[in-house]
Amino acid sequence: MGEDGPQELTAAERILAAADARTVEKSFPDGSTAAIVISRSEGKALIRTTDMALAPDGKVYELWLQTPAGDMVPAGLMPDEPDTTYVLDGDASEATGVGITVEPDGGSPEPTSDPIALFALDS
């Protein structure tokens, strides 16, 4: 039995396929990389990691969307996997940056440490 019509795209596929998709990538000293892909038209962003070290025991990597006012808004907890693609929570249509911090398991309502990475997004 075949599908009638096109398959529904996932949120990640819609971001990656968007005409206005932009990528900002960072490399870490251990050779791992993380990239943010944002689509203003979709109002969403995702993160892709490659060979990323896992968060320390009892900790988690938390993602943040930076608002035009400079506030950091929680955008989800990264999966505890070295290679992942994760769609950030929240509206990224006006985000000026994306941050990653190390937080206690379960995350925090606001950053408790300096970011291990901060991705500046083009407006």
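This report describes the strands, the nonpolar core and some selected residues of a predicted model.

**Strand S4 and its partners**

Strand S4 covers residues 59-66. Seven of its eight residues are buried, so S4 is largely enclosed by the rest of the structure. S4 pairs with two strands that are described here. Eight bridges join S4 to strand S7, residues 97-104. The two run antiparallel. Within this pairing, tyrosine 61 stands opposite valine 102 of S7.

Strand S5 spans residues 72-77 and is joined to S4 by four bridges. This pairing is antiparallel as well. Tryptophan 64 has proline 74 of S5 as its bridge partner. S4 and S5 form a hairpin with five residues between the strands. In that hairpin, glycine 70 takes a positive phi near 95°.

**The nonpolar core**

In soluble globular proteins, nonpolar side chains tend to be buried together. In this model, the largest nonpolar core has 22 residues. Ile47, Leu63 and Ile100 have the most contacts inside it. Several strands supply at least two residues each: S2 (33-39), S3 (44-50), S4, S7 and S8 (117-120).

Leucine 63 has contacts beyond its sequence neighbours. With residues up to four places away left out, leucine 63 touches Ile47, Val73, Pro74, Ala75, Gly76, Met78, Tyr86, Leu88, Gly99 and Ile100.

Isoleucine 47 belongs to strand S3. Its relative accessible area is 0%, so isoleucine 47 counts as buried. Outside four places in sequence, the residues that isoleucine 47 touches include Ala34, Ile36, Leu63, Tyr86, Leu88 and Ile100. Alanine 12 is 35 residues away along the chain, yet its C-alpha atom is separated from that of isoleucine 47 by 9.4 Å.

**Strands S3 and S6**

S3 and S6 pair over four bridges, in the antiparallel sense. Leucine 46 has valine 87 of S6 as its bridge partner. Strand S6 (residues 84-87) has alternating side chains. Thr84 and Tyr86 point to one face and are buried. Thr85 and Val87 point to the other face and are not buried. Three of these residues, Thr84, Thr85 and Tyr86, are among those touched by isoleucine 47.

**Buried residues compared by strand**

The table lists three buried residues of S2 and S3.

| Residue | Strand | Relative accessible area |
|---|---|---|
| Threonine 33 | S2 | 18% |
| Isoleucine 47 | S3 | 0% |
| Threonine 49 | S3 | 4% |

The cut-off for buried is under 20% relative accessible area. Threonine 33, at 18%, is therefore classed as buried.

**Two threonines**

Threonine 49 makes a polar contact through its side chain, which reaches the backbone oxygen of proline 82 at 3.1 Å. Proline 82 is also one of the residues in the contact list of threonine 49. That list leaves out residues up to four places away in sequence. The others are Thr33, Ala34, Met78, Glu81, Asp83 and Thr84.

Threonine 33 is in contact with Thr49 in turn. Its further contacts are Lys26, Ser27, Phe28, Arg48 and Thr50, with neighbours within four places in sequence left aside.

**Aromatic rings**

Lysine 26, a contact of threonine 33, also lies over the face of phenylalanine 119. The distance is 5.8 Å from the ring centre. Aromatic pairs are another matter: a search of the whole structure finds zero of them.

How values were computed: Residues are numbered from 1 along each chain as its sequence is written. This is a predicted model: local features need pLDDT of at least 70, side-chain atom pairs count only at pLDDT 80 or more; totals for chains, interfaces and linings use all residues. Side-chain values use heavy atoms; hydrogens and water are left out. Rings of Phe, Tyr and Trp (its six-membered ring) pair if their centres lie within 6.5 Å; planes under 30 degrees apart count as stacked, over 60 as edge-to-face and the rest as tilted. A charge sits over a ring if NZ of Lys or CZ of Arg is within 6 Å of the ring centre and within 35 degrees of the ring normal. Buried means under 20% relative accessible area, exposed over 50%, partly exposed in between (1.4 Å probe, protein chains only). Two strands pair if DSSP finds at least two bridges between them. A nonpolar core is a set of buried Ala, Val, Leu, Ile, Met, Phe, Trp, Tyr and Cys residues joined through side-chain atoms within 4.5 Å. Contact means heavy atoms within 4.5 Å. A polar contact is a pair of N or O atoms within 3.5 Å; within protein, one must be able to donate a hydrogen and the other to accept it, and residues adjacent in sequence count only if both atoms are side-chain atoms.
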